[in-house]
Amino acid sequence: MRMEIKKKMLEAGRDDFVTFLAEILNISVPAASRKLSGEANINETDLKLICKRLNFTPDELKTAIESNY
């Protein structure tokens, strides 16, 4: 799991990371799990939604994702 994303989720008052990401992206919990684990890619649309919901700048989010591959 990408630690900076997890940190922002905690700051938003959520510790149910997979469920919260599923809500943010409007996808299933298994699909969110695959994205968090790196099994599935996080696309540009996902990035925009995560940035908006978790107050990341696009560069901060891309760095958070890339640093954990």
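The buried residues of α2 are covered by elements that include α1, α3 and α4, where cover is counted through contacts, meaning heavy atoms within 4.5 Å. Those buried residues of α2 are Phe17, Phe20, Leu21, Ala22, Ile24 and Leu25; buried means under 20% relative accessible area, exposed means over 50%, and partly exposed lies in between, with a 1.4 Å probe and protein chains only. The model is a predicted one, in which local features need pLDDT of at least 70 and side-chain atom pairs count only at pLDDT 80 or more, while totals for chains, interfaces and linings use all residues. Residues are numbered from 1 along each chain as its sequence is written, and side-chain values use heavy atoms, with hydrogens and water left out.

Within helix α2 sits Phe20, which is buried with a relative accessible area of 2%. Leaving aside residues up to four places away in sequence, Phe20 touches Met9, Ala12, Arg14, Arg53 and Leu54. One of these partners, Arg53, is 33 residues from Phe20 in sequence, and the C-alpha atoms of the two are 10 Å apart in space. Met9, under the same exclusion of residues up to four places away, touches Arg14, Phe17, Phe20, Leu21 and Leu54.

The largest nonpolar core has 18 residues, and those with the most contacts inside it are Ile5, Met9, Leu21, Ile50, Leu54, Phe56 and Leu61. The elements that give two or more residues to this core are α1 (3-11), α2 (17-25), α3 (29-37), α4 (44-54) and α5 (58-66), and its largest share, 6 residues, comes from α2. A nonpolar core is here a set of buried Ala, Val, Leu, Ile, Met, Phe, Trp, Tyr and Cys residues joined through side-chain atoms within 4.5 Å.

The protein as a whole has 5 helices and 0 strands, helices (H or I, at least four residues) and strands (E, at least two) being DSSP runs numbered from the N terminus. The radius of gyration of the protein is 11 Å, close to the 11 Å that the globule rule gives for 69 residues, so the protein is as compact as a globular protein of that length; this radius is taken over C-alpha atoms, and the rule is 2.2 Å times the number of residues to the power 0.38. Along the principal axes, the C-alpha trace spans about 25 × 25 × 20 Å. Buried residues make up 36% of the 69 residues, and of the contacts between residues at least 6 apart in sequence, 44% join residues at least 24 apart.

The accessible surface comes to about 4300 Å², and 49% of that surface belongs to carbon and sulfur atoms; such areas come from the Shrake-Rupley method with a 1.4 Å probe, and for residues only the protein chains shown count as cover.

Two loop residues deserve a separate entry for their backbone angles. Most residues other than glycine have a negative phi. Asn26, which follows α2, has a positive phi, and Asn55 likewise has a positive value without being a glycine.

| Residue | Phi | Loop | Relative accessibility |
|---|---|---|---|
| Asn26 | about 55 degrees | between α2 and α3 | 71%, exposed |
| Asn55 | near 60 degrees | between α4 and α5 | 60%, exposed |
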